[in-house]
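Colleague: Could you teach me to read this one step by step? I'd like the general idea each time, and then the case at hand.

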Amino acid sequence: MPETPPVIAAVLAGGQGSRMGAAVPKQLLEVAGKPILQHTLEAFEASVVVDRIVLVMAEGHHEAAHAIAKAANVTKLSAVVDGGATRADSSVAAIRWAQAQPGVGADAKLLLHDAARMLVTGRIIADVAAALDECAAITAAIPSSDTIVEVEDGRITAVPDRARLARVQTPQGFHLGLISAAHAEAAADPHFTPTDDCSVVLRFRPDVPVRTVAGSMRNLKVTEPADLAVAEALLRQ
Ligand SMILES: Nc1ccn([C@@H]2O[C@H](COP(=O)(O)OP(=O)(O)OP(=O)(O)O)[C@@H](O)[C@H]2O)c(=O)n1
Ligand SMILES: C[C@](O)(CO)[C@H](O)COP(=O)(O)O
């Protein structure tokens, strides 16, 4: 019988948290008594579908990362690797690490996740991984309750039909061969500055459908100081 492709979760914690404005990267700040990164690692550790975890960490913070992983007893953590200058560079670091692992082929399932989305649920992780049996690129997403507009020079230039819009979250899941090839082409285009990994596939592998599964309002990305209180309140629910 053919072997089941492994599910590798890449927790992206390579950012500096400039919008948070704290003295340390936001993933090291505590919410409800634990660092944000610890909440996120625990979610992937607890997921029965995840085989191993690679943590992409901001340079200079590896010691803190190892201490947090130890506190969380993350048995699935296979490596802590350096992040890059941009989120896309950090995704590429995870992709390169995965490709270098023995027995990991192009059909491996790679789940790229923002460390800052500390409230990700087991259901979302499982749905993203399961979807990769049927497609090669998938993201968690939720409908937008706000009207979204396009703005240029302070003036609204378009109001896209809200029924066709969604707010994209993570994890975003990919067959390893696909996301590696798409990022390799993206790296050669200095004008392309993606804010997520699905847009890399859409741009460089437009023939590959990128699907969505239901995310959650809880799966917020802790970005600004006010998000810390929101995350804490959600955790207490
Ligand atoms: N070079 C980078 C930039 C971001 N990230 C990670 O990608 C996720 C989403 O990015 P964001 O929320 O923008 O985090 P920061 O880049 O840290 O925040 P800011 O943009 O405010 O500086 C975070 O978990 C962040 O650590 C990363 O791994 N490597
Ligand atoms: C990947 C992402 O979380 C999807 O919503 C988002 O694009 C990350 O953006 P950021 O500016 O790096 O926080």
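Colleague: Which element gives the most to the shell around ligand 1?

Modeller: A shell is made of the residues near a molecule, and a residue is near if its C-beta atom, placed from the backbone, lies within 6 Å of the molecule. Elements are DSSP runs numbered from the N terminus: helices are H or I with at least four residues, strands are E with at least two. Here α3 gives the most to the shell around ligand 1, namely three residues. This is a predicted model, where local features need pLDDT of at least 70 and side-chain atom pairs count only at pLDDT 80 or more, while totals for chains, interfaces and linings use all residues. Residues are numbered from 1 along each chain as its sequence is written, and chains are lettered from A and ligands numbered from 1 in the order in which they are written.

Colleague: How many residues surround ligand 1, and which are the closest?

Modeller: There are 24 around ligand 1, with G14, G15, S18, R19 and S90 the closest. The elements giving two or more residues to that shell are β1 (7-13) and α3 (87-99).

Colleague: How do the residues around ligand 1 divide by class?

Modeller: The bins are simple: Ala, Val, Leu, Ile, Met, Phe, Trp, Tyr, Cys and Pro are nonpolar, Asp, Glu, Lys and Arg are charged, and the others, Gly among them, are polar. For ligand 1 you get seven nonpolar, 11 polar and six charged residues.

Colleague: Let's stay with G14. Why does G14 count as buried?

Modeller: You count other C-beta atoms, placed from the backbone, within 10 Å of the residue's own: 20 or more means buried, 12 or fewer exposed, and in between partly exposed. G14 has 26 C-beta neighbours inside 10 Å, so G14 counts as buried. You'll find G14 in the loop between β1 and β2.

Colleague: And what is G14 in contact with, beyond its neighbours within four places in sequence?

Modeller: A contact needs two C-beta atoms, placed from the backbone, within 7 Å of each other. G14 has V56, M57, A58, G83, G84 and S90 as such contacts. Also have a look at H61: 47 residues along the chain from G14, with 9.2 Å between their C-alpha atoms.

Colleague: V56 came up there. What is the bridge partner of V56 in β5?

Modeller: Strands pair if DSSP finds at least two bridges between them. V56 is partnered by V81 in β5. Strands β4 (residues 52-57) and β5 (residues 77-82) run parallel and are joined by five bridges. Put helix α2 (residues 62-71) together with β4 and β5, and you have a right-handed β-α-β unit. Right-handed means that, with the strands pointing away from you, the path from the first strand over the helix to the second runs clockwise.

Colleague: Now ligand 2. Which strand gives the most to the shell around ligand 2?

Modeller: That's β10 (residues 166-175), with three residues. Around ligand 2 sit R87, D114, V168, Q169, T170, T195, D196, K221 and T223. By class, that shell holds one nonpolar, four polar and four charged residues.

Colleague: What does β10 pair with?

Modeller: β10 pairs with β6 (residues 109-114) in the antiparallel sense over four bridges, and with β7 (residues 137-143), also antiparallel, over six. In β10, Q172 is the bridge partner of L112, and F174 is the partner of A137.

Colleague: Is β10 mostly covered or mostly open?

Modeller: Mostly covered, with seven of its 10 residues buried. Take F174: 32 other C-beta atoms lie within 10 Å, which means F174 is buried. Leaving out residues up to four places away in sequence, F174 touches L110, A136, A137, I179, D197 and V201.

Colleague: What about helices: how many residues of α1 are buried?

Modeller: In α1 (residues 36-46), eight of its 11 residues are buried, including L37, L41 and F44. Their cover includes β1, β4 and α2.

Colleague: To finish, how many helices and strands does the chain have?

Modeller: The chain has seven helices and 11 strands, and buried residues make up 41% of its 237 residues.
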